[in-house]
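Trainee: I should like to go through this model contact by contact, with the sheet and the overall composition to follow. May we begin once it is displayed?

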Amino acid sequence: QAECLVKNVYEAEGNLQFTAAKTMEGRPLEEGEFTFRIYEGDTLKAEAQNGAGGVILFPEINYKADDAGRHTYTIMEQKGTLTDVDYDDTVYTVTVEVTDNHDRTVSAEIVNIQRSDGAEAEVIQFNNVYHENPETTPDPSPNPNPSPSPGGSTGGGGGTSNTGGGR
């Protein structure tokens with residue numbers, strides 16, 4: 001007598017796409033200028049750069065039925081190397097509830113967003129501040145070789161003449 005084993009496999013999938021906003025005080029924001037990361041524990045789950053208009057659109061995070069339950073993510077800006085920019089060091093802790101809908105779909109819903117200062121937030125917002133770097137700012141000092149005045153004289157203060165008591 002032969003035996004037959006029948007195994008039913010149930011699979012369910014869903015995803016969630018995080019978005020955030022980026023602003024820059026002091027100068028226009030450039031597309032792709034800043035990088036942002038999402039971690040679950042120590043695992044990097046997604047990375048994105050800002051758009052020119054400040055929108056940060058992360059790649060989708062995919063879930064399966066086995067992922068049902070609460071997930072906690074941290075979202076932060078990766079500090080860059082621009083010395084004339086104060087980077088936003090806010091870290092957002094985002095709690096997501098993943099549910100197996102038992103219809104081969106999984107839903108994921110953000111249930112809480114909290115800033116690193118303890119305040120709850122409705123959106124994830126990063127703001128950097130630009131400070132003009134004095135090394136790259138044009139020198140406002142006067143021209144060391146001024147043009148002669150229309151009368152042909154440079155006056156007492158210009159040129160190389162010695163007006164002091166000579167030796």
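**Charged pairs, strands and surroundings**

Trainee: In the salt bridge where the side chains of K22 and E77 meet, what is the distance from N to O?

Mentor: This is a predicted model, in which local features need pLDDT of at least 70 and side-chain atom pairs count only at pLDDT 80 or more, while totals for chains, interfaces and linings use all residues. Residues are numbered from 1 along each chain as its sequence is written, and side-chain values use heavy atoms, with hydrogens and water left out. A salt bridge requires a side-chain nitrogen of Lys or Arg within 4 Å of a carboxyl oxygen of Asp or Glu. For K22 and E77, the N to O distance is 3.0 Å.

Trainee: How many residues apart in sequence are the parts that this pair ties together?

Mentor: Strands (E, at least two residues) and helices (H or I, at least four) are DSSP runs numbered from the N terminus. K22 belongs to strand β2 (residues 19-25) and E77 to strand β7, so the salt bridge ties together parts whose separation in sequence is 55 residues.

Trainee: Is K22 buried or exposed, and what is the relative accessible area of E77?

Mentor: Buried means under 20% relative accessible area, exposed means over 50%, and partly exposed lies in between (1.4 Å probe, protein chains only). K22 has 3% relative accessibility and therefore counts as buried. E77 is buried as well, its relative accessible area being 8%.

Trainee: Which residue forms a salt bridge with R37, and how accessible is that partner?

Mentor: The closest N and O atoms of R37 and E47 are 2.5 Å apart. The pair links distant parts of the chain, 10 residues apart, with R37 in strand β3 and E47 in strand β4. R37 is partly exposed at 22% relative accessibility. The partner is likewise partly exposed, at 34%, and is E47.

Trainee: Which residue forms a salt bridge with E40?

Mentor: The structure holds 7 salt bridges, and in this one the closest N and O atoms are 3.9 Å apart. E40 counts as partly exposed at 23% relative accessibility. With a relative accessible area of 37%, also partly exposed, the partner of E40 is K45.

Trainee: Which strands stand at the edges of the open sheet?

Mentor: Strands pair if DSSP finds at least two bridges between them. The open sheet has 5 strands in the order β4-β3-β7-β9-β10, with antiparallel pairing. Two of them have a single partner strand each, so one side of each is left without a neighbour in the sheet: β4 (43-49) and β10 (106-115).

Trainee: Which residue of β7 stands opposite F36?

Mentor: Strand β3 (residues 35-40) and strand β7 (residues 69-78) run antiparallel and are joined by 5 bridges. Along this pairing, Y39 faces T74. The β7 residue opposite F36 is E77.

Trainee: Over how many bridges do β7 and strand β9 pair?

Mentor: In this pairing, G69 stands opposite V98 of β9. Strand β9 covers residues 91-100, and its pairing with β7 is antiparallel, the number of bridges being 8.

Trainee: How far apart in space, C-alpha to C-alpha, are Q125 and A21?

Mentor: Q125 lies in strand β11 (residues 125-130) and is partly exposed, with a relative accessible area of 28%. Leaving aside neighbours within four places in sequence, the residues in contact with Q125 (heavy atoms within 4.5 Å) are A21, K22, T23, D88 and Y92. Q125 and A21 are 104 residues apart in sequence, yet their C-alpha distance is 4.8 Å.

Trainee: With which side chain does the side chain of R27 make a polar contact?

Mentor: A polar contact is a pair of N or O atoms within 3.5 Å; within protein, one must be able to donate a hydrogen and the other to accept it, and residues adjacent in sequence count only if both atoms are side-chain atoms. R27 sits in the loop between β2 and β3. Its contacts beyond four places in sequence include F34, L82, V85 and Y130. At 2.3 Å, the polar partner of R27 is E33.

Trainee: What share of the residues of the protein counts as buried?

Mentor: The protein has 0 helices and 11 strands. Among contacts between residues at least 6 apart in sequence, 59% join residues at least 24 apart. Of the 167 residues, the share counted as buried is 29%.
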